[in-house]
Amino acid sequence: MASHGIKDQVAIVGMGCTPFAEHWNKGLDDLIVDAVEETYASTRVVKADVDAYWLGTVQGGMSGITLARPLQLEGKPVTRVENYCTTGSEALRAAAYAVASGAYDVAMAVGVEKVKDSGFQGLNAQAPPNDGTARTLTAAAMFSMVAPAYARKYGVDDETMSDVLAAIAVKNHFNGARNSRAQFRREITAETCKASPRLAGGLGVYDCAGVADGAAAAIVVRAEDAYKYTDKPLFIKALAFTAGSGAGLVDPSYDYTHFPECASAANDAYAQAGITSPRTELAMAEVHDCFTPTELVLMEDLGFAPRGTAWREVLDGSFALHGDLPINPDGGLKSFGHPTGASGLRMMFECWLQLRGEAPPERQIALKSSKALTHNLGGYPGEMVSFVSVVGTELD
Amino acid sequence: MRGILSISGYIPIHRLDRKEVSALFGSGGGKGTRSVAGHDEDTTTMGVEAARLALRGLDVEHMALLFATATPAYADKTNATALHAALGRPMSEPAWDFGGSARSAIGAFGFALASLPTTLVVAADRRDGLATSSDEAGGGDAAAAVLVGEATTSHPALAIQLGGASATDEFLDRWRVPGDRRSKQWEEKFGEQRYVALATEAFARALSQATLTPASIDRIVVTGMHTRAAKAVGAKLAQGRDVLVPDLTESIGQTGGTHSLLLLASCLESLAGTPGGTKIAVVNLADGADVVLLETTSSIANWTPANPIASQLKNTRPLPYGKFLSWRQMVTVEPPRRPEPGRVSATAAWRSEEWKFAFVGSKDRSTGTIHLPPSRVSRVGGAVDEMDPVPMADVQGTIVTFTIDRMVYSPSPPVAFAIVDFDGGGRFPIELTDCTAEQVAIGGQVELTFRKLFTQDDIHDYFWKARLLPSVDDESEN
């Protein structure tokens, strides 16, 4: 029994991503069509070539018909998947496994969310009928418990911690300002971030990801077929996933300074990809920065910095656009926005652009290697799902 | 001998300063304060709190439960069953609501004294009135619980009954249509005249039947929503002797039919540590007069009441009048712009009755790991269906970390929420209540309290919250 992965068996040969925004004039179907059309435009795959589809959407609709109807697919297998905020990554994982299994030659993964039709700010999931004992807080409140716990454990004083979190927001806004698809395209100062109204615990408006509508899509084929469809494929090195048991919520040993589900998925991904030193072997990473403390802790969970040291590296600029390991060069959830079902594929889209050297010059990173990582999580500290992928432009 | 085996009162922590009423409206209010139920409290949850105190440390094998209130959380549906569930009582015990008037509480108490089984009588009221009314300022919210039964060596009586009498008369003094928040009252002098006559007659009859003289009564509790009548009756029965039990209306207000049992609890608690032999008369004025005569026993010498009323009177939080008005739905304030929670599923709630109402988790037999909520599969070792129920409602805990959520839906935002580790094992993330955001700190000690999370589709979502234990400093400051 082991997690073998599908290293170098499957390649991404086409991708598309809509701008993430409050798309008052676009519905779910429009976003799907836009992302899928852009994906076809990026590849030599045509619609008739696609054998099977996976749709990731958290609340956009039920069943594969949510995708089959707007795309007018006839006689195709279409599956809708949902796994909290990792839903887009799950669609890709399923499509990649389907191709790796030999069941299909060409598969498409689509992630989409139309968040801004609810009439409420933020993300709002409707719980199934229940006994009324599970108090649902906002995600901001649940994640707000991380920063004080981290600061306490590693002896970071309040002012320094505030600087660290602001530095993460400033960095991601800096990157997003250089991204035409991002929801927020304005640089901010640390002072602005720190002065913003508190929403939950110590988290202010600028500590929280944007909430946007959007869609992204990818086409996957067997690695040996990749060059038929594109000159610059991305080979899948690892797809790892961990669903937590929820033990963190009820286990007195959990201290809110790390996310075991993320470390677990990362370890599996590194084993699949044969990576032993992620900090040096990766050219960049897209991580799930739903709130600023989340990105901080992820630097340690993903092995980019030893425990208790990421806060220093953040202040040192290690993860800036032209730092040692650029994190979220597209602006991340923070400024790109977070349409839940689409975000996992949006992260992959940035790898697609950066590793192929197709990012706009103002945010193209220096490629110290041919590999990139995406990390996507859903849920809350203590009760989380986590996805980690590694992709690269070279076959090992 | 039949008597009181245990008794407790519960007064919500919030106090409205009556001066705030006239400051806002230019009239109404008065001196002193009144007690106010939290936005997450109703008569059922207050009744649970009083009942938990009354039963603390006692192992009652079988009992009936009677619940009396004039302000029930539900009509048609029995409210006593929620108390029964929250107390973790077995299915084989009865639980009944006992009427809905200001006479119900004393009636249930008298009925329990005259009946066979051990009976827990719980009374709770939440007194309303229109803004600036004397009912708004003079009313109060509270609960009381008294365990009545045969005195035994394992459950000795704190006080035994000596007798009692009732005088019943149909006359219109105070009335309210069900569902209305406003009571109406006839010209006061009429009621006063009737009550003085009725109470005098019933008191004399009770004494005569018990072959007691007025001078032999050491303490007199007089309660009634007709405050002038209660004062007049008190003066008349006391005959100038210093025997009247303080009525607490200055600090908490008059709590309807509950007040008789609340003052009896207060009276008995004040006698804890005394040798016994104190004779007490309880006189309640409501559509007649009910008199109960009691005498403390030597057991009261060793009695340590759980969270006595005297302590609860010191542990208070001032409540701004604006909050009072919004909690009482006298004004509608802007809710958070978040979706409201869905209604509770009756079937799901029933399946998890022990967890939801009594906070019973599960404990893995082999590893001792506590699961909150109960789980069939152990998170340590993975054993399946190898669990024992573990009641946790009376276990205290420590705040490991916390947050203040200013965005989430709540009937009274913001929500204070903490990760709590319970003494002896078990962790649960839980909403905090009866505190301000500034009071919450890592390491703070909490206890559980039965509350109403919200109401949707007229279904009250009852569950547990945590409240900060009063610190030693708080006690001495007040």
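**Entry 1: a short parallel pairing.** I began with β2 of chain B and strand β14 (residues 317–318) of chain B, which pair in the parallel sense over two bridges. Looking for a residue-level match, I found that Arg15(B) has Pro318(B) as its bridge partner in β14(B). A reminder to myself before going on: this is a predicted model.

**Entry 2: the other partner of β2.** I then followed strand β2 (residues 14–17) of chain B to strand β3 (residues 33–36) of chain B, where four bridges hold an antiparallel pairing. Here Leu16(B) is matched with Arg34(B) in β3(B).

**Entry 3: the nine-stranded sheet.** In what order do the strands of the open sheet in chain B run? I read it off as β5-β4-β6-β7-β1-β8-β13-β12-β11, nine strands with mixed pairing. At the edges I noted β5 (95–97) and β11 (219–224) of chain B; each has a single partner strand, so one side of each has no neighbour in the sheet. I also looked up the twist: direction ignored, neighbouring strands are turned by 25 degrees against each other on average.

**Entry 4: a closer look at β12 and β13.** Strands β12 (residues 279–285) and β13 (residues 288–296) of chain B run antiparallel and are joined by seven bridges. One pair I wrote down is Ile280(B) with its bridge partner Leu294(B) in β13(B). Helix α7 (residues 227–238) of chain B packs on this sheet, and I saw that it touches β11 and β12 of chain B. The direction of α7(B) makes about 160 degrees with that of β11(B).

**Entry 5: where the chains meet.** How many residues does each chain bring to the contact? I have 33 from chain B and 31 from chain A. On the chain B side, at least two residues each come from α11 (346–351), α12 (353–358), β18 (397–405), β19 (415–422), β20 (427–433) and β22 (459–468). I sorted the chain B residues that touch chain A by character and got 17 nonpolar, six polar and ten charged.

**Entry 6: chain A as a whole.** I moved on to chain A, which has 15 helices and eleven strands. Its C-alpha atoms fill a box of roughly 60 × 45 × 45 Å along the principal axes. Does the radius of gyration of chain A agree or disagree with that of a compact globule? It agrees, because 396 residues would give a value near 21 Å and chain A has 19 Å. I also noted that 61% of the 396 residues of chain A count as buried. Last, among contacts in chain A with a separation of 6 or more, 78% link residues 24 or more positions apart.

Note on methods. Residues are numbered from 1 along each chain as its sequence is written. Chains are lettered from A and ligands numbered from 1 in the order in which they are written. This is a predicted model: local features need pLDDT of at least 70, side-chain atom pairs count only at pLDDT 80 or more; totals for chains, interfaces and linings use all residues. The radius of gyration is taken over C-alpha atoms; the globule rule is 2.2 Å times the number of residues to the power 0.38. A residue is buried if 20 or more other C-beta atoms lie within 10 Å of its own, exposed if 12 or fewer, and partly exposed in between; C-beta atoms are placed from the backbone. Two residues are in contact if their C-beta atoms, placed from the backbone, lie within 7 Å. Ala, Val, Leu, Ile, Met, Phe, Trp, Tyr, Cys and Pro count as nonpolar, Asp, Glu, Lys and Arg as charged, and the others, Gly among them, as polar. Two strands pair if DSSP finds at least two bridges between them. Axes are lines fitted to C-alpha atoms, for helices over the stretch in contact, and angles run from 0 to 180 degrees between N-to-C directions.
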